[in-house]
Every structure is written in C-alpha cells, then in structure tokens.
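Me: I have a structure open here and would like to go through some of its details with you. Could we begin with the cysteines and then move on to the helices?
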Amino acid sequence: MAMDSVHEEKGYIKGSLLRTIFHNAEERFSIALIRIIDTNEPFKDKEIVVKGHFPPLEQEQEYIFYGNLSQHAKFGQQYQVFTYTREIPKTKDSLVRYLSSDIFYGVGKKSAEKIVDALGETAIDKILKDENILAGIPGFPQNIISSFSQTLRENQGFERVVMALADYGIGLQLTQKIYDIYKEETLKLLEENPYQFVFEVEGFGFRRADEIAKILGISGDHPTRIQAGCIHTLKRQSQFGHVFEYLEQLCDDVRKLLNETDPSVTNETIEQKVKELSEEGYLIIEENRVYLPSLYFSEEGVSSQLKRIMDIKLEDEYTQADILKALGEIEEKETISYGREQYEAIEQALNSKAMILTGGPGTGKTTVIKGIIGVYERLNPKKKTDKDKQDESGIILAAPTGRAAKRMTEATGHKAQTIHRLLGWSGNEEFEFNQSRQLDAELIIIDEFSMVDIWLANQLFRAIPSKTQIVLVGDEDQLPSVGPGQVLTDFLASEVIPTCKLTEIYRQKEGSRIVELAHEIKNNQCDGQSLKRGEDFSFFQSYGKHTLTLLQDIVKKAVDKGYSIRDIQVLAPMYRSNIGINILNEALQELLNPRNNQKRSIQFNDQVFRSGDKMIQLVNQPEKGVFNGDIGHIVTILKADETEENQEQLVVDFDGKEVHYVRSELHQLMHAYCISIHKSQGSEFPIVVMPVVPDYRRMLRKNLLYTAITRSKQSLIICGDQRAFLEGVRTEDQNVRNTTLAKRMEFMFAGETMQGEERKEEMAEVDDEELSPYDFM
C-alpha cells in the first residue's frame, strides 16, 4: 500500500462512499460508510464508518480521511475524522471520469476528454489558476466555462483549504467558518496576514494568529499584529466587565502581550496603531478612553433610548384615592397588609414613566411588584392582561434568566419570560423586536436588573415604545452582570431615574436568620456573633478535607429527610481547587446518583453523564428554548439505533420541557449538584449549602457572599472556615468596572454633549445590528 510521504506522517484511510448514514447541514456533521481503498491504520475490514465535521460525500469520488480509530460500544470501530481531502485524479482515465461526473453540469465524457487531451494530467491545477484557459478548447461557451470553473473551485478549493489549515492545527468546524467568508482566497489571505482573521472570523483568536504568523515568518512588530493585539486586549478586558480601557493602560497591556515573543514594540507605536484603528472604525477613542464600537454604542444607545422614553410624559396621574381604593381591594382579597414604604413605592411606580425599585432580601420587592400589577389592572380594566399572552397591550414581565422568570411567574401569577425570549432573539445578532418593530406594552417590569449587561440593556430599551412605563427591580449589592457594564449601579449613580429604595425588613419579623445575616453583611455589621445558629441558618466549622466530608453528610441528611435533590443547591465560587465545583460535582454525583448497571450513562471528556443526573445549561439556545443557567435533570440516554439520526442522544428535562442533545452538543451541559455563585444569580433554592474554605480566599468578596446567601429561601447551611468567611464579607470588590454610562446619562438628560463626542456624529449613524454581541464573549 504505497502512499506519498505526507500520508505516512499521520494516520489515514482512503476510500469511496458506500452510503451516507447521517448529515446535519447546520452543524456540518456527517456519518458515512466508506469502502476502504488504502490505509496505514491497523484495520483489516473492507468497510468502515467515518464521522466528523465535513460536507456530504459524493459517489464515485475517492477521499483521504485523516484522524484516528475509535471504539463505539455498539457499532465497533469507527474513524473519527479530523480533516480530509478529495483525492485528485492523476491519470487520464480518472480525470475524465471525475470531470464528466454529475458534479459538473453541462460537461459530458466527450467534453471531459477534450479538456484532458488539451491540458494533460495537470488540467485541474491549470484551470484553478486561470479559467480562461478553457476558452481555447472547442465547444466550451463562456457560461459553461464560468459554471464549470466555479464548481471546480468549490470542490477542489475547499479540500485544499482543509488540508492547509489542518497543518496549522485548525479543525474542520473553524475551517468551514473561515471558508464561508474567504472562499478560494483563504490561503492567500491567511499567508499574507493571519491577524486580519482576528477581526473578521468569530472564534479565530489572537494567540492562534500569532502561532501561524510565527510559522510564516511574519515579524513581531508587524502593524496588523499590533492592531490585533489591541482588539484582543479590549475584548479580554470586556470579559472582566469593562466597557473601555484607558489609552495608557491599553498600551501597557498590549506591549506586555506582544513582547512575550518579540520585545521590540513600544507604547508609542501601539498608540499610533490604536488611533489608526479608531480612524478605520474598529475602535472608538473618547478623551483618553478606548472602546470597542459595540460597547460604546450600547452605552450611547441606552442613554438615548431611555431619554426618548422618559421625554414622553404620562397623560394622566393616578390619584392617591384611586390607588388606596385599589390597594384596599387587593389587601382584602389576598389577606395582606401593605406598609407605608411599599405603598409609596407602588404610587411612585404608577405615576412615573420609569422607576427603579431596589432593596435587600425580605424588604418586599415581590410584594410591591404584585401591588403594582394589581392596582394597574384595576385602574385600567380595558388593558387587563391575559395571563397567558405577552403579545397583547398590557403588562409585560421579564427577567434575565429562565429561573428568575419562572420565579417571577410563580410569585405574581402572571407569565414572565427571559429578556432574550421577550425580544425574540434568534441566537445570533438579530432580535425580532428592535427600534423598527417595538414591543406592544403599556407597562414593562424587569426583575433582577442587576444581572443585565450593557449590550442586552441596549437591545431591551431600543424595543420599548415611547408610551410605555418601565419598572426596573434589583438589588444593587448583588454581583454585577457577567457581561460588560454595571447598568443598575450606573442608573442609580446617574440619579436621572426616579428611585425607590425599600429598607424595612418584613421577613425579619418572621424570624428569618438568613435575612438578618444578609443585611448585617450589607451594612458591614457581620461578625462572629452573626454566625450563631438560627432556625433557618447554620454554620458548621470544619477544616481541610473534612469540609468535603461534612458537606456530603449535610446533603445526604437532607435527602434522607425527604428533600429532593432539586430542592438542595450547593454553591461555590471556584471550579478548580481541592474543594472546587468540579470535585464537588464528582463527589455529589457518586453520593446521590452512583454508578448502576440499570442506569445508562455517556462519557464526555472527563465527565460521566447518567440518567437522573442534575444538569445546568451553559449557553443560550433559543432555538431549543433553553438558556444559560437553566437547571434540569437527565430523563434518558438514547442509543444510536434508537434515534432517527442514528446518533446517541441525551435528553434533559427543564421544568417539563425535554431537550435532546447529540454528542457534539454535550459541551453545553455540566453537572449541577454544585454550581457557581455567578450562575445562581436570579435563582432561589429551598436549601442552599455553601462551603467556605481558605482555598477560595482570592474569590471571597462581600458582594459574592451576599449574593450566595440571598439565594436561600428556607435554609442556609455554611460549612468551612469562619475566619475565611468573615474576611470575605469585610473585603469589598476592588475590581471597579470601567464604564461611562452614568456620566453619559447625566450629560444626555441635561441636553449636553460629552467631550469628544462631536467628531463621532458620522459614526453614530452606524447600524448597530452590524455590531456583534460576541465582541465581549
């Protein structure tokens, strides 16, 4: 079995298609049965199943697949394809067969023979270099030449790109994304300037471009390398919540990044490149601040859209008498009594175009929301909302996460949904509702607003009509959004939106030690006495490995008392440590859902997913109706022969909605016996168990621990080191986010312009539908 030296360097199988078993056009994932022509793999059979990310294979074509053998539990050995190429015909007969195949419309056997007779056995290379070479062959009109050449480039060009990019360690998925953008120009552009791909290809990072540039011999002070380093650094800073970076700091950070491999780039050179990027529209400079355009225009958009809404005044105000009468009816029906502070909040919300409602746990924010809805419906009977429909005029309720929306629905009796679902997010940059097609609503209430980042806030306010009243509800002391910005904090700091801050604690009157502890942390009054046992709170002192054992005992006792694992949530701040989220999930899975011959399981990387496992969704998937942070459990694992797609599938139940995952989608899931405190935002759990150990010290901050504690509804159990906990609640978060939203709003509402904005009037006309939400992800 002689093959050239390239093939001998790595495992390959050469073969032709027998039949296609499965092809997913969206994922570009294929499974096919091929007849083996040649291989250097230790495989004796004449046929094998190949699978990987490649387009549909064609009959009567020979392919070379590079990858490795894998063992399927039911179907035996298969070939996992990393990259592939179509075998280029090298003899006259094989060339004629190829060129006269169904691939090329309008070219029969006689025409193919003419091409091979005229151009020889290197005909394909010659045509790819210059399609006009076919004009000299009789019987080839220009329309046939054009379509033939285009088809040849599409077939041969892609395979050549696949092979070339594989040498740079680029897999088929990213290769297909690159080829969709650059087509047959891919290799030429990559070799000229790999850094340009950082700007234009999602998922093609600076580090990858740097590695390729080094192979190609591109110098460390190449202008585009410096520019790509600037974009990379700003994107990285946005992942830490920053909307901008100061120019001097940006130059320092980029210099350190670039000079890891070539200590020749100066701050002066970097600053010049930043200015060039600004002139080309890749960055925006305002005074001494540098922004990614999507984040700059998001701040601009939030400020201007909110002013547009608040500039349209309410036609009529509700009288105190009307509000008191409606509230009295609600109090009688619900057998509750509103406090004076809560009444004032309801009155202010009803008579304000926009209002912020804030307050700590137990202060009655949910009670106020129910009051606002109830009074509004009684005073506007014609606008009474249909509890099952959100597309009619009336009240819309929304929250940043699915769990927060569900909790809002349960608390108010009115349907709430995620902000993404409300706006009709398609899963990429597009929203169904925007400035051109706005929502139909008289009153919009958004809960857990502290979780909303600047980009999502911009999309939300663009879609709100000028007539609509807005109530934003949140706790300013919780963690800020995962994405860039600190919108609630900046709204409060700007003082341009009427605000009602609830301070009276109602749940404390019911004897809630959890609420007391939260407010002691909030008011910097937490000490050793605060950790004494209460009816709904316990702190168990433990050290080292004993903390994990203690935590397992606590969870097991709760289960033994009849609590469901869905009621118990372990929270931790870190994934990697001796008692991090990863290790806790392994230990809790073994405790609560151990290995069992009766239970199906599926291995994925280092994790084993079992029927019955508690799971969390890690990314938004609007087409499947699941979103980042949704928690469910595995109801079944289907074998390949049990599915129409002939692929293993894992089925997760999210509050009654079953979602199917194929193996290539399992990275979207992880175990949820323990989740991060960040992931828990917007959720509440009957029982929260939280380890606190010195290993966490660099993460333990007042707002983090406050957020964790306020996730608990009925019982909070902390186990670990009291000293580490007390140090944490006394440590303020020093990571101050770089934002200008508060300042921008102050100027906007005063009718003034921030310094440096005048020169950006032309840029402000950019359609921000073209600005990617992934700039900061």
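Reply: A disulfide is a pair of cysteine sulfur atoms within 2.5 Å. Before applying that, note that this is a predicted model, in which local features need pLDDT of at least 70 and side-chain atom pairs count only at pLDDT 80 or more, while totals for chains, interfaces and linings use all residues. Residues are numbered from 1 along each chain as its sequence is written, and side-chain values use heavy atoms, with hydrogens and water left out.

Me: OK, how many disulfides does the structure hold?
Reply: The structure holds 0 disulfides.

Me: Why is there no bond between C230 and C251?
Reply: The closest cysteine sulfur to that of C230 belongs to C251, and at 6.9 Å it is too far for a bond. C230 has 0% relative accessibility and therefore counts as buried (buried means under 20% relative accessible area, exposed over 50% and partly exposed in between, with a 1.4 Å probe and protein chains only).

Me: And what about C674, how far is the nearest cysteine sulfur?
Reply: For C674 the nearest cysteine sulfur is that of C719, 11 Å away, and C674 is in no disulfide. C674 is also buried, with a relative accessible area of 0%.

Me: Switching to helices, at what angle do α2 and α3 pack?
Reply: Helix α2 (residues 92-99) packs against helix α3 (residues 109-119) at about 135 degrees, and their axes are 8 Å apart. Helices here are DSSP runs (H or I, at least four residues), numbered from the N terminus; axes are lines fitted to C-alpha atoms over the stretch in contact, and angles run from 0 to 180 degrees between N-to-C directions. The pair is therefore oblique, given that angles under 35 degrees count as roughly parallel, over 145 as roughly antiparallel, 65 to 115 as roughly perpendicular and the rest as oblique.

Me: Which residues meet there?
Reply: From α2 the residues are K92, L95, V96 and L99, and they meet K109, A112, E113, I115, V116 and D117 of α3, where contact means heavy atoms within 4.5 Å.

Me: Is H519 buried or exposed?
Reply: H519, which lies in helix α21 (residues 513-522), has 9% relative accessibility and counts as buried. Apart from neighbours within four places in sequence, H519 is in contact with G360, P361, T363 and I505.

Me: Last one, which residues of α9 are buried?
Reply: In helix α9 (residues 206-216) they are F206, A209, D210, I212 and A213, and what covers them includes α7 (186-192), α8 (196-200), α10 (223-238) and α11 (247-258). Just after α9, G217 takes a positive phi of about 80 degrees.

Notes
Helices (H or I, at least four residues) and strands (E, at least two) are DSSP runs, numbered from the N terminus.
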